[in-house]
Structures are given as C-alpha cells and as structure tokens.
Amino acid sequence: MEYGTIEREIYIEASPEVVFDVVSNPEHVREWWSDEAEFGPEPGKPGWVGFGDLTQDGHKAQLTVADAVPYTHFSFRWTHEEGEVAAPGNSNLVVFELVPSGGGTLLKFTESGFRERGWDEAKAAAEHADHSSGWDHFLPRLRAYAATVGART
C-alpha cells in the first residue's frame, strides 16, 4: 500500500482570491480547520495550529509556510517537532493549488511526506489514515465556509 500522498480535488463556489484568503489567513483557518492558529503569510516563518483546548488535552502542531503565491498556491510544512526547522524528512507538506473554474475555484489539495519521515509501515499507515480521515472531514468544511465568505464579498 502507498502511504506517501493524500490527494483531493474539490470545487468551491468562491473566487480564487477568496479561497486563497480562507486557506492562508489564520482568522479564516480557525473557522474551518483548527481551533486556534498563529502563523504569518511569509515563507519560512514558524507558526502553529491548535486543536481542542490547549490548556487541557488539546494538541498544538508546528506549521511553517513553505510558499504563498496569491490566488494560485499556498503550501505549508507541519507536524515537525517544536524547535526543529521544517524540512523534508521531519514534516509533511500540505499544498493548496487554486485553479479558476467557471464562477468558482477548483482546489487541488495534496499532503505528502509520510514515507520520508522514516516511520515503519504501521506508523506510516496509521498517520496516513488519520490525516486522510481528517482532511475528508475538514475539506468539506473549507468548501462551505469559503462559499459563505465568497457570498459576502
């Protein structure tokens, strides 16, 4: 079984400008993905996303923007250990490609890096399955939220 990449495509009833803002702005990210988020749009700058109550049993994941090309491409590396610089081999790469389509946007999503982490087969399979089910939950929320934001503009 291949556990290297997760790929999804979804159509969003919003312009690439809106979708780019929704995937790259922490204020929007908190509405469809994480409970908390703190990162800047500049490539290389470290940040994080938080899930659940961080004062209780929540989880904080490190995040570093890899690339940000307004309205076409946004990517980040995440899941690396705190204090480490995100790089191939210690983090996963998430990429959002935005393609204008009709009156909206085709979002091409990938997450890669599971194989490069050096995990054994069971760990790679478990992480891949966990992230796959997570994105299957959160990408529809992204679609709905971006369409709502797009309707307001």
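Start by selecting Arg115, which is partly exposed, with a relative accessible area of 32%. What you have open is a predicted model, so treat each stop on this tour as a feature of that prediction. Now add Glu121 to the selection: the side chains of Arg115 and Glu121 meet in a salt bridge, with N and O 3.4 Å apart. Glu121 is partly exposed too, at 41% relative accessibility.

**Along helix H3**

Next, select residues 121-152, which make up helix H3. Which residue forms a salt bridge with Lys123? Look for Glu127, whose closest O atom lies 3.0 Å from the N atom of Lys123. Both residues lie in helix H3, 4 residues apart, about one turn of the helix. Lys123 has a relative accessible area of 35%, so Lys123 counts as partly exposed. Now show Trp119 as well: the charged end of Lys123 sits over the ring of Trp119, 5.3 Å from its centre.

**Across the sheet**

Keep helix H3 visible and bring in the strands. There are 7 of them in an open sheet, in the order S1-S7-S6-S5-S4-S3-S2, with antiparallel pairing. Which strands stand at the edges? Select residues 5-12 for S1 and 36-38 for S2: each has a single partner strand, so one side of each is left without a neighbour in the sheet. From one strand to the next, the twist averages 20°. Helix H3 packs on this sheet, touching S1, S5 (73-78), S6 (92-101) and S7 (104-112). The direction of helix H3 makes about 15° with that of S1.

**Strands S3, S4 and S5**

Select residues 46-51 for S3 and 59-69 for S4; these antiparallel strands are joined by 6 bridges. To find one place where they pair, pick Pro46, whose bridge partner in S4 is Thr64. While you are here, show the side chains of Trp48 and Lys60: Lys60 lies over the face of Trp48, at 4.2 Å from the ring centre.

Move on from S4 to S5. These two strands also run antiparallel, joined by 6 bridges. Leu63 has Trp78 as its bridge partner in S5. S4 and S5 form a hairpin with 3 residues between them, and in the turn you will find Tyr71, which has a positive phi of about 75°.

**Among the aromatic rings**

Now colour the aromatic side chains. How many aromatic pairs does a search of the whole structure find? The count is 15. Zoom in on Phe76 and Phe96: their ring centres are 6.4 Å apart and their planes are at 40°, so the pair is tilted. Phe76 belongs to strand S5 and Phe96 to strand S6, so the pair ties together parts that are 20 residues apart in sequence. Are these two residues buried or exposed? Both are buried.

Then widen the selection. Ring pairs link Phe76 and Phe96 into a cluster whose other members include Phe20, Trp32, Trp33, Phe39 and Phe51. Tyr71 from the hairpin turn is also in the cluster, as are Phe74, Trp78, Phe109 and Trp135.

**One last pair**

Finish with Glu42 and Lys45, whose side chains meet in a salt bridge at 4.0 Å, N to O. Glu42 counts as partly exposed at 40% relative accessibility, and Lys45 counts as partly exposed at 44%. The structure's count comes to 4 salt bridges; those on this tour include Glu42 with Lys45, Glu121 with Arg115 and Lys123 with Glu127.

Methods
Residues numbered from 1 in each chain as written. Predicted model: local features only at pLDDT ≥ 70, side-chain atom pairs only at ≥ 80, totals over all residues. Heavy atoms only, no water. Pairing = 2+ DSSP bridges. Axes fitted to C-alpha atoms, helices over the stretch in contact; angles between N-to-C directions. Contact = heavy atoms within 4.5 Å. Phe/Tyr/Trp six-rings, centres within 6.5 Å; stacked < 30°, edge-to-face > 60°. Buried < 20%, exposed > 50% of the residue type's maximum accessible area, 1.4 Å probe, protein only. Lys NZ or Arg CZ within 6 Å of the ring centre and 35° of its normal.
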